[in-house]
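User: I am new to this structure and would like a close look at the strand pairing and its surroundings. Please give it as one connected account, with each term explained where it comes up.

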Amino acid sequence: MPKAYLVGLPKITDADMFAKEYASKVADTLKPFDGKFLVRTPEKLVKEGEETTLTVVIEFPSKEKALDWYNSDEHQKIVVQRRKSTDTKSTIVICEESDSY
């Protein structure tokens, strides 16, 4: 089964709310789904496209685990705060490992 990755490129509009109400709580919601952060940083070099505030890559053992986490009650309790504290055009993508495009 291929691994899956959530890639997040949020534009944070309220850094205080994002930090207190989402970022500080999200890691605990990943544990039951075997999710782990590979990248979680504001430090990046944007070569093309729009500048974002943060880059996040989370690895999951499968697409099903990633979707189960995303839709879980624990994540949904806090995702509301992420949505309130980021631009509505922020990108969140779940994808599987693949050799094709």
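Analyst: The account below begins with the paired strands, moves to the salt bridges and the neighbouring loops, and ends at the surface.

The model is a predicted one, in which local features need pLDDT of at least 70 and side-chain atom pairs count only at pLDDT 80 or more, while totals for chains, interfaces and linings use all residues. Residues are numbered from 1 along each chain as its sequence is written, and side-chain values rest on heavy atoms, with hydrogens and water left out.

Strand E1, which covers residues 4-9, pairs with strand E3, residues 55-60, in the antiparallel sense over five bridges. Here helices (H or I, at least four residues) and strands (E, at least two) are DSSP runs numbered from the N terminus, and two strands count as paired if DSSP finds at least two bridges between them. One of the contacts along this pairing sets Ala4 against Phe60, its bridge partner in E3. E1 is also joined to E4 by six bridges, and these two strands likewise run antiparallel; in that pairing Val7 stands opposite Val93 of E4. In a regular strand the side chains alternate between the two faces of the sheet.

Within E3 sits Ile58, which is buried at a relative accessible area of 2% (buried means under 20%, exposed over 50%, and partly exposed in between, with a 1.4 Å probe and protein chains only). The C-alpha atom of Ile58 lies 5.1 Å from that of Leu6, although the two residues are 52 apart along the chain.

Where do Glu59 and Lys3 lie, and how far apart are they in sequence? The two residues form a salt bridge whose closest N and O atoms are 3.5 Å apart, the term standing for a side-chain nitrogen of Lys or Arg within 4 Å of a carboxyl oxygen of Asp or Glu. Because Glu59 belongs to strand E3 and Lys3 to the segment before E1, this pair ties together parts that are 56 residues apart in sequence. Glu59 is buried, with a relative accessible area of 11%, whereas Lys3 is partly exposed at 36%.

By the rule just given, the count comes to nine salt bridges. One of them links Lys20 with Asp16, with 3.3 Å between the closest N and O atoms; these two residues are four apart in helix H1, residues 15-30, and so are separated by about one helical turn. Asp16 counts as partly exposed, at 47% relative accessibility. In another salt bridge the side chains of Lys44 and Glu51 meet at 3.4 Å, N to O, and Lys44 is partly exposed with a relative accessible area of 26%. Salt bridges with shared partners also join Lys3, Lys36 and Glu59 into one network.

The loops can be followed from E1 onward. Thr13 is placed in the loop between E1 and H1 and is exposed, with a relative accessible area of 55%; its C-alpha atom is separated by 11 Å from that of Ser90, a residue 77 positions away along the chain. Ala15 belongs to helix H1 and is exposed at 53% relative accessibility, and between its C-alpha atom and that of Thr53, 38 residues apart along the chain, the separation is 9.5 Å.

Asp34 lies in the loop between H1 and strand E2 (36-41) and has a phi near 55 degrees, a positive value in a residue other than glycine. Most residues other than glycine have a negative phi. Asp34 is partly exposed, at 48% relative accessible area.

The loop between helix H3 (73-84) and E4 holds Thr86, which counts as buried at 5% relative accessibility. The C-alpha atoms of Thr86 and Phe18, which are 68 residues apart along the chain, are separated by 7.7 Å.

Asp99 is found in the segment after strand E4 (91-96) and is exposed, with a relative accessible area of 85%. Together with Glu64, Asp68, Glu96 and Glu97, Asp99 forms a negative surface patch. Patches are made of residues with over 30% relative accessible area and no salt bridge, like charges being joined within 9 Å and nonpolar side chains (Val, Leu, Ile, Met, Phe, Trp, Tyr) within 5 Å.

Notes
Areas by Shrake-Rupley, 256 points an atom, 1.4 Å probe, with all protein chains shown as cover. Lys, Arg positive; Asp, Glu negative; His and termini not counted. Charge placed at Lys NZ, Arg CZ, Asp CG, Glu CD.
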